[in-house]
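Subject: The structure I promised you

Hello,

Here is the structure we talked about, with my notes below it. Have a look at it first, and then read on at your leisure.

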Amino acid sequence: MRILVTGSAGFVGSHLTERLLARGDTVLGFDNHNDYYDPALKEARVARFVGHPNYTHVRADLADQAAVDAAFAAFQPERVAHLAAQAGVRYSITHPHAYVQSNLVGFVNTLEACRQHAVGHLVYASSSSVYGANRKMPFAVEDAVDHPVSLYAATKKSNELMAHTYSHLFGLPTTGLRFFTVYGPWGRPDMSPILFANRIVKGEAIDVYNHGNHSRDFTYVDDVVEGVVRTLDHPAQADPSYDPVAPNPGSSAAPYRVYNIGNDEPVQLLDFIGLLEKHLGRTVEKRLLPMQPGDVPDTWADVSALRRDVGYAPSTSIDEGLGKFAAWYREYYGVD
């Protein structure tokens, strides 16, 4: 197939692009290579596949409607995997406008281009952060998600609402995937695995918020990519059992779906750090601190709907995944 991947220089986007090329798809990557974190990491990710004969790279911003329209018109994608976004919960507290431009303006430009060019399926990255202040565990797509605790989360919930509108009005099949704490090789340096690894190799104390009581449904990147690929291959369809009197937030009478994509096995943050210390061969002090604004205490993905509909089955244990991450970290950052 011809698949357009936004955010192809990003963490999940680069892994997805490699996987699609390996199975024989033709891919157009679209990424603005912004400096939210070190652009050299983005360049290194893209270098793994930029010379592939079935890959074309476009450096542009999704908020640039003309650039988006031009890319779609030239490539004529059959499927779109929309993984580009301004990421980060805490950054959204201090830089709200960046999230409006990328996550709202950029997303509506993508939706409109999909409509204009009759794309067969749009799969887009949502986030576990949409569950916000919810405390019922595990988080399920049937749960209401009306109480976000960060602007980042609010933009991701807005993406789901916008996608439903296009599915309803124009019959555009859309599927939102709520990612749960993705980690692995080539990960983002603003996320906890690399932040923790940096401190561990330097022998510096780690700040552990919520006094170490956080748990996260850490999901290895290869498992996430497997779920994205399976979802791309199964365009959303109208739910024949959808009841407008008792609506299910995860489905619709329109060709619209929302799924959790996680490991379905929460890990205590202190246990995560302990395993990372093991694989990096050293230990450090942990400073237990109060919870930060915008954080949630725990996440846990109910992935039963994704298992049922596309056969999703995460298979990477946290120990195995962190071992692979630590090996990549040592090589990329030159750590002995």
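A residue counts as buried when its relative accessible area is under 20%, and as partly exposed from there up to 50%. Please keep in mind that this is a predicted model.

Let me start with helix 1, where that cut-off is needed. Helix 1 covers residues 11-22. Of its 12 residues, 9 are buried, so helix 1 is largely enclosed by the rest of the structure. The buried ones are Phe11, Val12, Gly13, Ser14, His15, Leu16, Thr17, Leu20 and Leu21. From first C-alpha to last, helix 1 reaches 17 Å, which is close to the 16 Å expected at 1.5 Å a residue. Just after the helix comes Gly24, with a positive phi of about 105°.

Next, two helix pairs. Two packed helices are described by the angle between their axes and the distance between the axes.

The first pair I looked at is helix 3 (residues 65-75) with helix 5 (residues 96-116); their axes come within 10 Å and cross at roughly 35°. The crossing of helix 3 and helix 5 is right-handed. On the helix 3 side the contact is made by Gln65, Val68, Asp69 and Phe72, and on the helix 5 side by Asn109, Thr110, Ala113 and Cys114. By class, this contact of helix 3 with helix 5 has 4 nonpolar, 3 polar and 1 charged residues. If you wonder about the spacing of such residues, an α-helix has 3.6 residues a turn, so residues three or four places apart point the same way.

The other pair is helix 7 (residues 192-202) and helix 9 (residues 269-280), whose axes come within 10 Å and cross at roughly 50°. Helix 7 and helix 9 are therefore oblique to each other, and their crossing is right-handed. Helix 7 contributes Pro193, Phe196, Ala197, Ile200 and Val201 to the contact, while helix 9 contributes Leu269, Phe272, Ile273, Leu276, Glu277 and Leu280. The residues of this contact of helix 7 with helix 9 divide into 10 nonpolar, no polar and 1 charged.

Tyr329 ties in with that second pair. Tyr329 sits in helix 11 (residues 318-333) and is buried, with a relative accessible area of 2%. Leaving aside neighbours within four places in sequence, Tyr329 is in contact with Ile194, Ala197, Asn198, Val201, Leu280, Gly334 and Val335. Among these, Ala197 and Val201 of helix 7 and Leu280 of helix 9 also take part in the contact between those two helices. The C-alpha atoms of Tyr329 and Pro185 are separated by 7.1 Å, although their positions lie 144 residues apart along the chain.

Now to the loops. Gln86 is in the loop between strand 4 (79-82) and helix 4 (89-94), and at 7% relative accessible area Gln86 is buried. Leaving aside neighbours within four places in sequence, the contacts of Gln86 are Asn34, Tyr36, Tyr91, Ala98, Tyr99, Ser102, Asn103 and Tyr152.

Some backbone details deserve your attention too. Most residues other than glycine have a negative phi, and most peptide bonds are trans. Where does the chain depart from this? The peptide bond from Met137 to Pro138 is cis, with omega near -10°; Pro138 is in the loop between strand 5 (121-127) and helix 6 (151-170). Trp186 has a positive phi of about 70° although it is not a glycine. Trp186 lies in the loop between strand 7 (182-183) and helix 7, and at 15% relative accessibility Trp186 counts as buried. Asn210 also has a positive phi, near 55°, without being a glycine. Asn210 is in the loop between strand 8 (206-208) and strand 9 (215-216) and is buried, with a relative accessible area of 16%.

Asn210 brings me to Leu289, which is in the loop between strand 13 (286-288) and helix 10 (304-310). Leaving aside neighbours within four places in sequence, Leu289 is in contact with Asp207, Val208, Tyr209, Asn210 and His211. Leu289 is partly exposed, with a relative accessible area of 26%. Leu289 and Leu322 are 33 residues apart in sequence and 24 Å apart in space, C-alpha to C-alpha.

Happy to go through any of this with you.

Best wishes

Technical notes
Residues are numbered from 1 along each chain as its sequence is written. This is a predicted model: local features need pLDDT of at least 70, side-chain atom pairs count only at pLDDT 80 or more; totals for chains, interfaces and linings use all residues. Side-chain values use heavy atoms; hydrogens and water are left out. Axes are lines fitted to C-alpha atoms, for helices over the stretch in contact, and angles run from 0 to 180 degrees between N-to-C directions. Helices (H or I, at least four residues) and strands (E, at least two) are DSSP runs, numbered from the N terminus. Angles under 35 degrees count as roughly parallel, over 145 as roughly antiparallel, 65 to 115 as roughly perpendicular and the rest as oblique. A crossing is left-handed if the near helix is turned anticlockwise from the far one by less than a right angle, and right-handed if clockwise. Contact means heavy atoms within 4.5 Å. Ala, Val, Leu, Ile, Met, Phe, Trp, Tyr, Cys and Pro count as nonpolar, Asp, Glu, Lys and Arg as charged, and the others, Gly among them, as polar. Buried means under 20% relative accessible area, exposed over 50%, partly exposed in between (1.4 Å probe, protein chains only). The expected span of a helix is 1.5 Å times one less than its number of residues.
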